[in-house]
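Please open the model in your viewer and keep the sequence panel beside it. The stops below are meant to be selected in the order in which they are given.

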Amino acid sequence: MVLPVRISGKDSANNPVNELAHTLDITPNGARLGAIRHVLKIGDKLTLQYRQRQDPVQGGLGQTDEGTSEYQVGLEGLSTSRGKLGA
């Protein structure tokens with residue numbers, strides 16, 4: 001299932017990040033998002049929001065979607081209850 005989400009925060013260069021994206025894969029510990037237009041680096045601290053729920057996440061590896069200027073980005077959940085996204 002594809003879910004619409006928002007990521008926000010600051011990247012490693014202290015630039016603001018505020019983007020609408022969608023899930024490609026999601027696990028209890030992280031997610032892979034598509035439609036990201038901002039280059040994120042490993043360790044960027046962000047917030048992942050789905051509806052009214054917000055969870056702190058850390059940016060991971062990204063790759064360009066072939067033929068577009070959009071990225072797929074892996075995110076890892078941080079300090080959520082029991083260490084899980086949405087828990």
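Begin by selecting Asn-14, which is exposed, with a relative accessible area of 52%, and which sits in the loop between β1 and β2. The model is a predicted one, and in it Asn-14 adopts a positive phi of about 65° although the residue is not a glycine. Most residues other than glycine have a negative phi. The turn that holds Asn-14 is the hairpin of β1 and β2, with five residues between the strands.

Now extend the selection to the two strands on either side of that turn, β1 (residues 4-10) and β2 (residues 16-27), which run antiparallel and are joined by seven bridges. Within this pairing, show Ile-7 and look across to β2, where Glu-19 stands opposite.

Follow β2 onward to the next turn, where a hairpin of two residues leads into β3. The strands β2 and β3 are also antiparallel, and five bridges hold this pairing. One of the positions to display here is Asp-25, whose bridge partner in β3 is Arg-32. The side chains of the two residues deserve a second look, since Asp-25 and Arg-32 also form a salt bridge, with 2.6 Å between the closest N and O atoms. Is this pair buried, exposed or partly exposed? Asp-25 counts as partly exposed because its relative accessibility is 39%, and Arg-32, with a relative accessible area of 32%, is likewise partly exposed.

The count of salt bridges in the model comes to three, so the next two stops complete the set. Side chains of opposite charge can pair when their charged atoms come close. Select Glu-70 and Arg-37, whose closest N and O atoms are 2.9 Å apart in a salt bridge. This pair links distant parts of the chain, 33 residues apart: Glu-70 belongs to the loop between β5 (53-64) and β6 (71-77), whereas Arg-37 belongs to the loop between β3 (30-36) and β4 (45-50). The two partners also fall into separate accessibility classes, for Glu-70 is buried, with a relative accessible area of 19%, while Arg-37 is exposed, with 55%.

Stay on Glu-70 and display its surroundings, leaving aside residues up to four places away in sequence. The residues that Glu-70 touches are Ala-35, Ile-36, Arg-37, Gln-63, Thr-64 and Asp-65. The link from Glu-70 to Arg-37 is also listed as a polar contact of 2.9 Å between their side chains.

For the remaining salt bridge, select Asp-55 and Arg-53, whose side chains meet at 3.2 Å, N to O. Asp-55 is buried, with a relative accessible area of 7%, whereas Arg-53, at 38% relative accessibility, counts as partly exposed.

From Arg-53, step back along the chain to Arg-51, which is placed in the loop between β4 and β5. Arg-51 is another non-glycine residue with a positive phi, here about 55°, and Arg-51 is exposed, with a relative accessible area of 64%.

Next, turn to the interior and show the largest nonpolar core, which has 13 residues. Which of its members touch the most others? They are Ile-7, Leu-33, Ile-36, Leu-40, Leu-46, Leu-48 and Leu-75. At least two residues of this core come from each of β1, β2, β3, β4 and β6, and β3 supplies the largest share, three residues.

Within the core, centre the view on Leu-46 and display the residues in contact with it, again without those up to four places away in sequence. The contacts of Leu-46 include its fellow core members Ile-7, Leu-40 and Leu-75. Leu-46 also touches Ser-8, Gly-9, Lys-10, Val-17, Pro-56 and Val-57, as well as Asp-55, the buried partner of Arg-53 in the salt bridge visited earlier.

As a last step, colour the chain by confidence. The mean pLDDT of the protein chain is 87, and 90% of its residues reach 70 or more. Confidence is highest in β1, at a mean of 95, and lowest in β5, at 86. Where pLDDT is low, the predicted coordinates should not be read in detail.

Note on methods. Residues are numbered from 1 along each chain as its sequence is written. This is a predicted model: local features need pLDDT of at least 70, side-chain atom pairs count only at pLDDT 80 or more; totals for chains, interfaces and linings use all residues. Side-chain values use heavy atoms; hydrogens and water are left out. A salt bridge is a side-chain nitrogen of Lys or Arg within 4 Å of a carboxyl oxygen of Asp or Glu. Buried means under 20% relative accessible area, exposed over 50%, partly exposed in between (1.4 Å probe, protein chains only). Helices (H or I, at least four residues) and strands (E, at least two) are DSSP runs, numbered from the N terminus. Two strands pair if DSSP finds at least two bridges between them. pLDDT is the predictor's confidence in each residue, from 0 to 100. A nonpolar core is a set of buried Ala, Val, Leu, Ile, Met, Phe, Trp, Tyr and Cys residues joined through side-chain atoms within 4.5 Å. Contact means heavy atoms within 4.5 Å. A polar contact is a pair of N or O atoms within 3.5 Å; within protein, one must be able to donate a hydrogen and the other to accept it, and residues adjacent in sequence count only if both atoms are side-chain atoms.
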